[in-house]
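Let's take a walk through this structure, one salt bridge and one surface at a time. Keep the viewer open as you read.

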Number of protein chains: 2
Amino acid sequence: VNESTAFNELRERLAEITDLATIGELLGWDQQTHMPPRGSAVRAEQMATIGKVIHDLQIDDELGRLFDELRTYEESVDSDSLEASLIRVGRRDYEKARRVPSELEEELARTCSISEHAWVDARARSDFYSFLPHLEKVVELKKRYVDCFPDVDEPYDALLDDFEPGMRTAEARAALEQLKEGVVPIVARAAEANAGDDYRARYPGVYPVDSQRLLVEEIITTFGYDPESWRIDLTAHPFAARGGTQDIRLTTRFHVEDLSSVFSTMHECGHGLYEHGIDPALERTPLCNGVSMSLHESQSRMFENVIGRSLPFWQHFFPRTKELFPEPLANVQVEDFYRAVNEVRPSLIRIEADEVTYNLHIILRFELEQDILEGRVALRDLPEIWNERMKSYLGVDVPDDAHGVLQDVHWSGGGFGYFPTYSLGNLVAAQLWERLAGDIPDVNDQIAAGEFRAITDWLREHVWRHGRKYTPVETLRRAVGGSLDAKPYLRYLEAKVATLAPTG
Amino acid sequence: VNESTAFNELRERLAEITDLATIGELLGWDQQTHMPPRGSAVRAEQMATIGKVIHDLQIDDELGRLFDELRTYEESVDSDSLEASLIRVGRRDYEKARRVPSELEEELARTCSISEHAWVDARARSDFYSFLPHLEKVVELKKRYVDCFPDVDEPYDALLDDFEPGMRTAEARAALEQLKEGVVPIVARAAEANAGDDYRARYPGVYPVDSQRLLVEEIITTFGYDPESWRIDLTAHPFAARGGTQDIRLTTRFHVEDLSSVFSTMHECGHGLYEHGIDPALERTPLCNGVSMSLHESQSRMFENVIGRSLPFWQHFFPRTKELFPEPLANVQVEDFYRAVNEVRPSLIRIEADEVTYNLHIILRFELEQDILEGRVALRDLPEIWNERMKSYLGVDVPDDAHGVLQDVHWSGGGFGYFPTYSLGNLVAAQLWERLAGDIPDVNDQIAAGEFRAITDWLREHVWRHGRKYTPVETLRRAVGGSLDAKPYLRYLEAKVATLAPTG
């Protein structure tokens, strides 16, 4: 009886923290989609307030007392049960939150907020040195943050853990080294094979926004989008957010000169499907979330790339696409369109990179972040080092910092440790897909028929429903029977690039 | 130094409470405008959580200690200063919140939430008796709530105070009795004078939604609407909300068969102008809000009725209206349109009532609420009593409870004490308008020219900017030099009704 009272109290406290965190996520969504521009100053304060209230509840001594009190109970129930999982994951979150002094949390939040504004200005003027003092402060505070976690193998572990809980840098490094070795020759071969024009140059014209909206909604509806539980809004930088498993919010943006909205919306839909597919029994618990950024990115990249840039996918959707965009696409064959949307071409900007070269952008950042943290690189030398490595990895010349070291928001906001999860997501997507395709032998025929139910059922059963019940490693192990591995992704890339040689 | 530390701590705590309350308001806005339908169950829990967190912060002993500590400081500064006002108003809020036990607050919130759902069902089936047990529970809890405030003249005072802080029932009763006496003969005369057809029957046709949207935006833009700080969305039951003085959110709905959207949007715009016009120095304090419901309704009704149903207003906007809706309005004269949108006609449904008979709907509810609270009316007899009084006050026969006692959501949600503020808002609007028209002698010419700047400047100076700095009584006194009075409103109604006799 005592244990059940303690468990109910724990559950209630964690439910409140989860509610407030979700409310914060909805406020962020509102800010990026609907808030009138002049609302931003007060909104920043509101976000800080809700962050403070959450942190106060997260580090409450009473929570620690409950976790202690519930140890015997936790061991007495099945470790896969909701009860044991809630105690186990809740305790990990609690212990991690307690490691960081509230003053440091607040200083980080304030500094990063100011630094993000400075970055916006600096990027607009392509002026790294006006941003440098802010970056220095952020890095200094991140080092103090790292110091809160003495039981790591190397400093970067503490940063990676914020996005990929439990993963050590050595593991990520091994996988990304393997990826780098494999990708460099693929990039070289693909660059030779491609036709030399980019997709927009190949099919120029007007792609009316209303037709894009129709196409995008038709596609994601076949994936599982349903207005009873989802919505989609416009924003400058697309993202997915949610107010619960039955309140999934995608965002997108339409460029009238191309169909990039289709791919970016499939990407966000993958994130949304993951959150929507979590077991409803986990609602209002800290388990009701994707388990890590790499698992999350594996889902977005699977729907954007593995499925959404496949030939069977376009065999199904290209006739409708031509119907909607007759002017630019009337005389285009599906095979040519498929090659166009898969073209490999080294470029300057990460978020515009193709599926293959994208990984080199990530590896460059992952290596640089470790160099910065370990003091092997001085911040003031970043532009020069950035440009050298871009030349060496991708063969491109960086014209200015806006198209170089200043292109991403992450560092200004303190998001060191985030970048590697993008490429890890590619690896995980391929691992899951090999397993899924083993279980669904006619998966390509299903895609070519516009049928995604078996795919989403498989993903829900093997990944989505678990939420954060298991660690990321354990979640992957349960789904694919092994651990992180770059080989399936390299096999996938090899196979795809082989199909890209121009016909005729 | 000590005092300034204590004041800063008070200010910070009140800022956090204000932030969370505003976040709750934004969540409510989201729920009514954007949330996917299946998000509602989790959203209800999130709303309960934020309500609980706010209440816990509001009744924190530490706040009481600060208010005690700051008494000398409060007396040492100008009572009109931000500092003195913040302490004075904050203390009143604190003392009021402390009166109600948290258990009662939570039971009220839970019971009212269930009761609102029951009301939706009951209204749909026009079945009062399925709702009765819920209403009984709500009334029982409201009586316990009233008991928390022993220092009132009569029980209803405690309910009225939630919407009209500091007003006693006796004062509201005196004003509404005066109103009732004056309105009954006006209704009788107007009913004789009007043409016998209602507005929709007179100008039937299709009013395309896109054109309505254009017209509405053109009108409210002349009032001060500006997309930098405002937005407007669709909803089932229009309301106004805000995330700060620079983040004002109107909602509206369009009916293709009439122009009711124009009036309902002007109404919500009046609410929005009030919140937008609060002194920005009050942002993130409990002073940053309209001072009472009657003052708020005075603004919405001024823009909807005093301005928006005036002849000069339509002299300006009718040509454009005809341009946008040529099919139904091509052959209509502005004077006839003016008469149509002002037609007085007793009817069943409060929210569809005209400006004059509306008050009798309110007076009926105000009297009934007191009868219920004092035990003069048994809840099970409500339908019968409702129908009798509707016949006696408005001469209409109520066909069923959906069109009678079940028509409003207020009682199901525990909102006893709210109704009278609607009519009090009418009185205050007329009091302010007489004063404003005295200061701006050519106000009708300005309206006829589509110029509203002098009007909004006057209202900002005399009402809006103060927020909750002064009591509602003091706010009104500063603006009009007197107290609540029905005579200006009765003069206004007399004058308007005199213009409604049909020509030709």
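Start inside chain B, in helix α13 (residues 293-307): B:Glu297 and B:Arg301 are four residues apart there, so about one helical turn separates them. Bear in mind as you look that this is a predicted model. The two side chains form a salt bridge, with 2.6 Å between the closest N and O atoms. Where does this pair sit, buried or exposed? Both B:Glu297 and B:Arg301 are buried.

That pair has plenty of company. Over all chains, the structure holds 98 salt bridges. The general idea is a familiar one: side chains of opposite charge can pair when their charged atoms come close.

Now hop over to chain A and find A:Arg365 and A:Asp408, whose side chains meet in a salt bridge at 2.6 Å, N to O. What does this pair tie together? A:Arg365 belongs to helix α17 (residues 358-373) of chain A, while A:Asp408 is in the loop between α18 (382-394) and α19 (420-439), so the bridge ties together parts that are 43 residues apart in sequence. As for burial, A:Arg365 has a relative accessible area of 0% and is therefore buried. A:Asp408 has a relative accessible area of 12%, so A:Asp408 counts as buried too.

Another pair to pick out in chain A is A:Arg249 with A:Asp247, a salt bridge whose closest N and O atoms are 2.7 Å apart. Both of these residues are buried. Keep the numbers 247 and 249 in mind, because the chain B residues B:Asp247 and B:Arg249 turn up in a network of salt bridges with A:Asp30 and A:Arg43.

That network takes us to the place where the chains meet. How many residues does each chain bring to the contact? Chain A gives 36 residues and chain B gives 36 residues. For the size of such a surface, the accessible area lost when the parts come together is often quoted. Here chain A and chain B bury about 3,100 Å² between them, with 59% of that on carbon and sulfur atoms. On the chain A side, A:Pro36, A:Arg38 and A:Gln46 lose the most area to chain B, and together they make up 18% of what that side buries.

There is a good deal of charge pairing here as well: the count between chain A and chain B is 10 salt bridges. One you can zoom in on is A:Glu16 with B:Lys52, where the closest N and O atoms are 3.4 Å apart. If you look for polar contacts across the interface, the rule finds 20 residue pairs, with both residues at pLDDT 80 or more. Which elements of chain A give two or more residues to the side that touches chain B? They are α1 (2-33), α2 (40-58), β1 (230-234) and β3 (247-252). Of these, α1(A) gives the most, with nine residues. Sorted by class, that side of chain A has 13 nonpolar, eight polar and 15 charged residues.

So how do the two copies relate? In general, two copies of a chain are related by a rotation about an axis and a shift along it. In this model, a turn of 180° and a shift of 0.0 Å along the axis lay chain A on chain B with an RMSD of 0.0 Å. The two copies are thus related as by a two-fold rotation axis. The surfaces fit that picture: 100% of the interface residues of chain A are also interface residues in chain B, so the copies meet through the same surface.

To finish, here are a few local spots in chain A. A:Lys96 lies in helix α5 (residues 82-99). Is this lysine buried or exposed? A:Lys96 has 19% relative accessibility, and the cut-off for buried is under 20%, so A:Lys96 counts as buried. Setting aside neighbours within four places in sequence, A:Lys96 is in contact with A:Tyr145, A:Phe149, A:Asp161 and A:Asp162.

Then look at the backbone. A:Ser126, in the loop between α6 (102-125) and α7 (128-147) of chain A, has a positive phi of about 50° although it is not a glycine. With 23% relative accessibility, A:Ser126 counts as partly exposed. A:Arg284 also has a positive phi, near 60°, and is found in the loop between α12 (260-276) and α13 (293-307) of chain A. A:Arg284 is buried, with a relative accessible area of 17%.

How values were computed: Residues numbered from 1 in each chain as written. Chains lettered and ligands numbered in written order. Predicted model: local features only at pLDDT ≥ 70, side-chain atom pairs only at ≥ 80, totals over all residues. Heavy atoms only, no water. Contact = heavy atoms within 4.5 Å. Buried area = accessible area lost by both parts, 1.4 Å probe. Salt bridge = Lys/Arg side-chain N within 4 Å of Asp/Glu carboxyl O. Polar contact = N/O pair within 3.5 Å; in protein donor to acceptor, adjacent residues only side chain to side chain. Nonpolar A, V, L, I, M, F, W, Y, C, P; charged D, E, K, R; others polar. Buried < 20%, exposed > 50% of the residue type's maximum accessible area, 1.4 Å probe, protein only. Least-squares fit on C-alpha atoms with pLDDT ≥ 70 in both.
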